[in-house]
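User: I'm new to this one. Can you walk me through it?

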Amino acid sequence: MENKKHIVIVGGGFAGLELVKVLNRSGKYKITLVDMNNYNFFPPLLYQLAAGFMEPSSISYPFRRLFRKYKNARFRMATLQEVVPSENKIILSNGELQYDILVMATGAESNFFGNKNVEEKAMPMKTVGDALMLRNLVYTRLERATRTEDKELRRKLLSFAIAGAGPTGVELSGIFAEMKQNIMRKDYPELTYDDLGDIYLIDGQNTVLAPMSKKAQAYTEKSLLKKG
């Protein structure tokens with residue numbers, strides 16, 4: 001590996017991991033993947049994690065275990081702090097790393113479309129940590145609701161507003177509705193159906209899943225309304 005060009009990839013999501021796989025197969029490069037976590041995870045299932053239907057181990061896998069079969073690749077757990085192009089190096093939270101080629105595969109940030117109120121007060125849903133934080137909030141509120149006789153407070157504790165009617169927002173609102181219909185009513189006998197509050201799915205467009213087909217939009221909206 002000593003005479004091979006060193007490619008450093010920052011970000012171990014779908015793109016970063018696939019690039020490691022392709023470059024390793026070529027055998028032409030020395031590869032280092034840098035990520036702030038020591039595991040790769042599957043973002044489309046974060047909503048299942050947030051609702052308590054799945055555990056972190058079900059949607060994540062350690063990078064180092066993946067790299068057992070990649071003889072030209074190494075992993076480094078760190079946070080990127082600075083890129084120094086003039087010296088072909090990056091400064092990390094735990095040291096420096098030289099590179100011949102640098103690839104930034106850090107993914108995208110949440111787009112709040114200029115809505116500062118949502119940006120400042122809403123909970124994000126981008127990482128495993130975000131999903132677990134939301135899960136803890138939901139179940140903590142359920143427990144609080146069982147300890148009060150105030151009907152209005154119960155509904156307030158168990159009402160949820162979801163900003164964004166894209167795939168994640170739709171999935172999250174749908175699974176919260178399933179929780180309301182099934183888990184909450186069965187596991188929390190202290191609560192009645194009327195105590196469980198409302199689920200609000202909010203979007204700037206006049207439909208759910210705006211980028212998708214009209215058929216998909218109509219079917220999804222009908223399904224969500226049916227779930228309550």
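What follows is a short chat about sheets, a helix and cores.

User: What kind of model is this, and how are residues numbered?
Analyst: This is a predicted model, where local features need pLDDT of at least 70, side-chain atom pairs count only at pLDDT 80 or more, and totals for chains, interfaces and linings use all residues. Residues are numbered from 1 along each chain as its sequence is written, and side-chain values use heavy atoms, with hydrogens and water left out.

User: Start with the sheets. What is the order in the one with 4 strands?
Analyst: The order is S5-S2-S1-S9, in an open sheet with parallel pairing. Strands and helices here are DSSP runs, numbered from the N terminus (strands are E, at least two residues; helices are H or I, at least four). Two strands pair if DSSP finds at least two bridges between them.

User: Which strands stand at the edges?
Analyst: S5 and S9 (101–104) do. Each has a single partner strand, so one side of each lacks a neighbour in the sheet.

User: Is S2 buried or exposed?
Analyst: S2 (residues 29–35) has 5 of its 7 residues buried, so the rest of the structure largely encloses it. Buried means under 20% relative accessible area (exposed is over 50%, partly exposed in between; 1.4 Å probe, protein chains only).

User: How many bridges join S2 to S1, and to S5?
Analyst: 6 bridges join S2 to S1 (residues 5–10). 5 bridges join S2 to S5 (residues 73–77). Ile7 has Ile31 of S2 as its bridge partner. On the S5 side, Leu33 stands opposite Phe75, and Val34 is partnered with Arg76.

User: Where does helix H1 pack?
Analyst: H1 packs on the sheet and touches S1, S2, S5 and S9. Contact means heavy atoms within 4.5 Å. The direction of H1 makes about 165 degrees with that of S2. Axes are lines fitted to C-alpha atoms, for helices over the stretch in contact, and angles run from 0 to 180 degrees between N-to-C directions.

User: Pick a residue in H1. What does Val20 touch?
Analyst: Val20 sits in helix H1. Leaving aside neighbours within four places in sequence, Val20 contacts Ile9, Ile31, Leu33, Phe67, Tyr70 and Ala73. Val20 has 0% relative accessibility, so it counts as buried.

User: Switching topic. How many residues are in the largest nonpolar core?
Analyst: That core has 26 residues. Those with the most contacts inside it are Leu46, Met125, Leu172 and Phe176. A nonpolar core is a set of buried Ala, Val, Leu, Ile, Met, Phe, Trp, Tyr and Cys residues joined through side-chain atoms within 4.5 Å.

User: Which helix gives the most to this core?
Analyst: H6 does, with 6 residues. The core draws at least three residues from each of domain 1 (5–104) and domain 2 (116–227). Those bounds come from an automatic or database domain assignment.

User: And what is Leu46 in contact with?
Analyst: Beyond neighbours within four places in sequence, its contacts are Phe41, Ile59, Met125, Lys126, Thr127, Val128 and Ala131. There is also a second, separate core of 13 residues, including Phe63 and Ala105.

User: Back to sheets. What is the order in the one with 3 strands?
Analyst: S6-S7-S8, an open sheet with antiparallel pairing. S6 (80–84) and S8 (95–98) are at the edges, each with a single partner strand. S7 (residues 89–92) pairs with S8 over 4 bridges. In that pair, Ile91 stands opposite Glu96 of S8.
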